[in-house]
Amino acid sequence: MTLWPCHEWAVTLARRLDVLSMTVLHTAALRALALAVVALAMQAPPAAAAEPLVIAGNYGNEAGCRTAAGGVADSEDLLMLTPREVGTYATLCSFVQLLPGGDVDLVATVTCGHEGEDLITLGMMRLRRETDRDAFTIYDEQGDSWGTVERCKAP
């Protein structure tokens, strides 16, 4: 069983109260109180964490949103972000792992295919959630921005 910080605190309190009850007060009531505190702490869920940052839906520029909706990649300025991948006209990177990187960032391990090449590359990307609008800015592992994409409108 995983002990959350509140559970560890309750166990420590119970142990201290148990030692106190055995050495000073010798009362069964205090020992029962300590056990009740531990039992309640073990049943209480951990404090609610902030909602995890996820990519809910498709994001892109005009060409990226068309492609994300099933269209053909027909524009060199294409940039799209979906829950599974990041793409441009010449590169498509699939998420291998997507982890929180703070309050507004996601860190992605990606495998990328490149137009005209058989080579598949492995890399990292940072996806920064814009705080003032429903958008992400996409950065490669060198910190260069690929651009900012906004949520695609439903067709």
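These are my notebook entries on one chain, read from a predicted model.

**Entry 1: the chain as a whole**

I started with the secondary structure and found three helices and eight strands in the chain. I then wrote down their order along the sequence, which is α-α-β-α-β-β-β-β-β-β-β.

Next I looked up burial: 31% of the 155 residues of the chain count as buried. The accessible surface of the chain comes to about 10000 Å². Carbon and sulfur atoms account for 58% of that surface.

I also checked how far apart in sequence the contacts reach. Taking contacts between residues at least 6 apart in sequence, I found that 33% join residues at least 24 apart.

**Entry 2: the nonpolar core**

In soluble globular proteins, nonpolar side chains tend to be buried together. I therefore looked for such a group here, and the largest nonpolar core has 16 residues. Which of its residues touch the most other members? I listed Ile 55, Leu 81, Phe 95, Leu 127, Phe 136 and Ile 138.

I then asked which elements give two or more residues to this core. They are β2 (79–81), β4 (91–100), β5 (105–114), β6 (120–129) and β7 (135–140). Strand β5 gives the largest share, four residues.

I picked Leu 127 for a closer look and left out residues up to four places away in sequence. Among the residues that Leu 127 touches are Ile 55, Leu 81, Phe 95, Phe 136 and Ile 138. Its contacts also include Val 86, Leu 98, Val 104 and Leu 106, as well as Asp 105 and Thr 137.

**Entry 3: rings**

I searched the whole structure for aromatic pairs and found one. Tyr 59 and Phe 136 form this pair, with 5.1 Å from centre to centre. Their planes are at 90 degrees, and the pair is edge-to-face. Tyr 59 lies in strand β1 (residues 59–60) and Phe 136 in strand β7, so the pair ties together parts that are 77 residues apart in sequence. Are these two residues buried or exposed? Both Tyr 59 and Phe 136 are buried.

I noted one more ring, that of Tyr 139. Arg 126 lies over its face, at 4.2 Å from the ring centre.

**Entry 4: salt bridges**

How many salt bridges are there? I count eight.

I began with Asp 105, whose salt bridge is with Arg 128; the closest N and O atoms are 3.3 Å apart. Asp 105 lies in strand β5 and Arg 128 in strand β6, so this pair ties together parts that are 23 residues apart in sequence. Asp 105 has 8% relative accessibility, so the residue counts as buried. Arg 128, with a relative accessible area of 29%, is partly exposed.

Asp 134 came next. Its side chain meets that of Arg 129 in a salt bridge, 3.0 Å from N to O. Asp 134 also forms a salt bridge with Arg 151, where the closest N and O atoms are 2.5 Å apart. Asp 134 sits in the loop between β6 and β7 and Arg 151 in strand β8 (residues 145–151), 17 residues apart.

I checked the exposure of these three residues too. Arg 129 is partly exposed at 23% relative accessibility, and Asp 134 is partly exposed at 30%. Arg 151 is also partly exposed, with a relative accessible area of 33%.

Last, I noted a network in which salt bridges with shared partners join Glu 62, Arg 66 and Asp 74.

Conventions:
Residues are numbered from 1 along each chain as its sequence is written. This is a predicted model: local features need pLDDT of at least 70, side-chain atom pairs count only at pLDDT 80 or more; totals for chains, interfaces and linings use all residues. Side-chain values use heavy atoms; hydrogens and water are left out. A nonpolar core is a set of buried Ala, Val, Leu, Ile, Met, Phe, Trp, Tyr and Cys residues joined through side-chain atoms within 4.5 Å. Buried means under 20% relative accessible area, exposed over 50%, partly exposed in between (1.4 Å probe, protein chains only). Contact means heavy atoms within 4.5 Å. Accessible areas come from the Shrake-Rupley method with a 1.4 Å probe; for residues, only the protein chains shown count as cover. Rings of Phe, Tyr and Trp (its six-membered ring) pair if their centres lie within 6.5 Å; planes under 30 degrees apart count as stacked, over 60 as edge-to-face and the rest as tilted. A charge sits over a ring if NZ of Lys or CZ of Arg is within 6 Å of the ring centre and within 35 degrees of the ring normal. A salt bridge is a side-chain nitrogen of Lys or Arg within 4 Å of a carboxyl oxygen of Asp or Glu.
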